[in-house]
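Ready for some practice in reading a protein model? Work through the exercises below with the structure in view, and try each task before you read its solution.

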Amino acid sequence: MKPIPTRVHGLLDYTTGALFMASPWLLGFASNDAARRVAVGTGIAVIGLSTLTDYEAGLSKRIPMATHLTVDR
């Protein structure tokens with residue numbers, strides 16, 4: 001499988017994180033407290049990892065891309 005460019009990966013990370021955080025309201029399960037917390041927490045974790053990764057979309061570039069990919073898996 002051909003890897004995607006890191007610039008595209010960054011865009012997908014932030015989009016995925018935002019969609020995870022919005023999913024309880026978009027998919028109608030916001031009234032389920034546990035499910036809402038898991039979805040929002042996952043979104044926060046995805047965006048947090050992205051901001052710390054050493055790639056174009058990263059803000060502080062503290063986590064190597066190889067580690068980011070391991071967490072993604």
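**Exercise 1. Place a threonine.** Find Thr53 in this predicted model, and work out where Thr53 sits and whether Thr53 is buried or exposed.

*Solution.*
- Step 1: Look along the chain; Thr53 belongs to the loop between helix 2 and helix 3.
- Step 2: Check the accessible area. Thr53 has a relative accessible area of 0%, and buried means under 20%, so Thr53 counts as buried.
- Step 3: List the surroundings. Beyond the neighbours within four places in sequence, Thr53 touches Gly58, Lys61, Ile63, Met65 and His68.
- Step 4: Look for a polar partner. A polar atom of the Thr53 side chain is 2.7 Å from the backbone oxygen of Leu49.

**Exercise 2. Describe helix 2.** Compare the span of helix 2 with the expected one, then find what caps its N-terminal end and what its buried residues pack against.

*Solution.*
- Step 1: Helix 2 covers residues 33-52 and has 20 residues.
- Step 2: From first C-alpha to last, helix 2 reaches 28 Å, close to the 28 Å expected at 1.5 Å a residue.
- Step 3: At the N-terminal end, the cap is Asn32, with a side-chain oxygen 3.3 Å from the backbone nitrogen of Ala34.
- Step 4: Ala39, Gly43, Leu49, Ser50 and Thr51 are buried in helix 2. The buried residues of this helix pack against helix 1 (6-26) and helix 3 (65-72).

**Exercise 3. Trace the salt bridges.** How many salt bridges does a search of the whole structure find, and which residues are linked in a network?

*Solution.*
- Step 1: The search of the whole structure gives 2 salt bridges.
- Step 2: One joins the side chains of Asp33 and Arg36, at 2.4 Å from N to O. These two residues of helix 2 are 3 residues apart, about one turn of the helix.
- Step 3: Another joins the side chains of Asp33 and Arg37, at 3.0 Å from N to O. Here the spacing within helix 2 is 4 residues, again about one turn.
- Step 4: Recall the helix geometry: an α-helix has 3.6 residues a turn, so residues three or four places apart point the same way.
- Step 5: Put the pairs together, and Asp33, Arg36 and Arg37 form a network of salt bridges.
- Step 6: Finish with exposure. Asp33 is partly exposed at 35% relative accessible area, Arg36 is partly exposed at 24%, and Arg37 is exposed at 58%.

Technical notes
Residues numbered from 1 in each chain as written. Predicted model: local features only at pLDDT ≥ 70, side-chain atom pairs only at ≥ 80, totals over all residues. Heavy atoms only, no water. Salt bridge = Lys/Arg side-chain N within 4 Å of Asp/Glu carboxyl O. Buried < 20%, exposed > 50% of the residue type's maximum accessible area, 1.4 Å probe, protein only. Expected span 1.5 Å × (residues − 1). Contact = heavy atoms within 4.5 Å. Polar contact = N/O pair within 3.5 Å; in protein donor to acceptor, adjacent residues only side chain to side chain.
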